[in-house]
Amino acid sequence: MTFGLALTLLALTTGPDYSCPVMLAEAKRTAPTMTYREFDQTEDQGWRRLAGQPCLAEAADLIDFYRANRADLGPSSKVNLSFHAGQLQAMAGNYAEAIKRFRGAEVNPSVPPEFKWSEYVRATIAFLQHDAEELVRNRDLIADAGSFGPNQSNLKVVDRLVANFERPYKEAIAAEK
């Protein structure tokens, strides 16, 4: 068997290269052409395709790339993308990078005042910084505004962070409680 034939057979048996760096490079070619909804909100599209592999840090890098290459994004879309990039970096264990992304999501000018979005983001940052006092303080601010629907779902997430304070973010966020 020739060396070239051996390489061809190896390629056929191992399939295409689906490593995270390769998938990120491929995604960067198509991401800028995607609408915000396709890129951020659609299952198995945009960054979610990479995160499902799991290429968490690469998915966060793709979000950063998308933000940098889309001048048409509104403030709320930028906030959501920063938050998702923060979540991905945190799940990858890159807390310093996650905090940078979360800081970019701390203020969302398009949310109503009764929605405790900033407190939700600050609670997440406090968890990553291992600051129990700040985590609970923000948790209580969200709970005090619990009659507003979106606060209820975020409170459940923050309660998981409180209950699993000693665990890594990836485990705490996914815990039953």
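Helices here are DSSP runs of H or I with at least four residues, numbered from the N terminus. The model is predicted. Two topics follow: the largest pocket and the disulfide. Helix H2 (20-30) supplies lining residues to the pocket, and H2 also holds Cys20 of the disulfide.

**Largest pocket**

- The largest pocket encloses about 220 Å³ of space.
- Its lining is made up of 12 residues.
- Met23, Glu26, Ala27, Thr30 and Arg49 are the lining residues that lie nearest the pocket centre.
- At least two lining residues come from each of helix H2 (20-30) and helix H4 (46-51).
- H2 is the top contributor to this lining, giving four residues.
- Sorted by class, the lining has seven nonpolar residues, three polar and two charged.

**Disulfide**

- One disulfide is present in the structure.
- Cys20 and Cys55 form this bond, with their sulfur atoms 2.0 Å apart.
- Distant parts of the chain are linked by the pair, which is 35 residues apart.
- Cys20 sits in helix H2, while Cys55 sits in the loop between H4 and helix H5 (56-68).
- The disulfide is left-handed because the torsion about the S-S bond of Cys20 and Cys55 is about -80°.

**Burial of Cys55**

- Relative accessibility of Cys55 is 1%.
- Buried means under 20% relative accessible area, so Cys55 counts as buried.

Methods:
Residues are numbered from 1 along each chain as its sequence is written. This is a predicted model: local features need pLDDT of at least 70, side-chain atom pairs count only at pLDDT 80 or more; totals for chains, interfaces and linings use all residues. Side-chain values use heavy atoms; hydrogens and water are left out. On a 1 Å grid over the protein atoms alone, a cavity is a set of points where a 1.4 Å probe fits but cannot get out, and a pocket is an open set with protein on both sides within 12 Å along at least five of seven lines; lining residues have an atom within 4 Å of a point. Grid points are joined across faces, edges and corners, and a volume is the space filled by probe spheres set on the points. Ala, Val, Leu, Ile, Met, Phe, Trp, Tyr, Cys and Pro count as nonpolar, Asp, Glu, Lys and Arg as charged, and the others, Gly among them, as polar. A disulfide is a pair of cysteine sulfur atoms within 2.5 Å. Buried means under 20% relative accessible area, exposed over 50%, partly exposed in between (1.4 Å probe, protein chains only).
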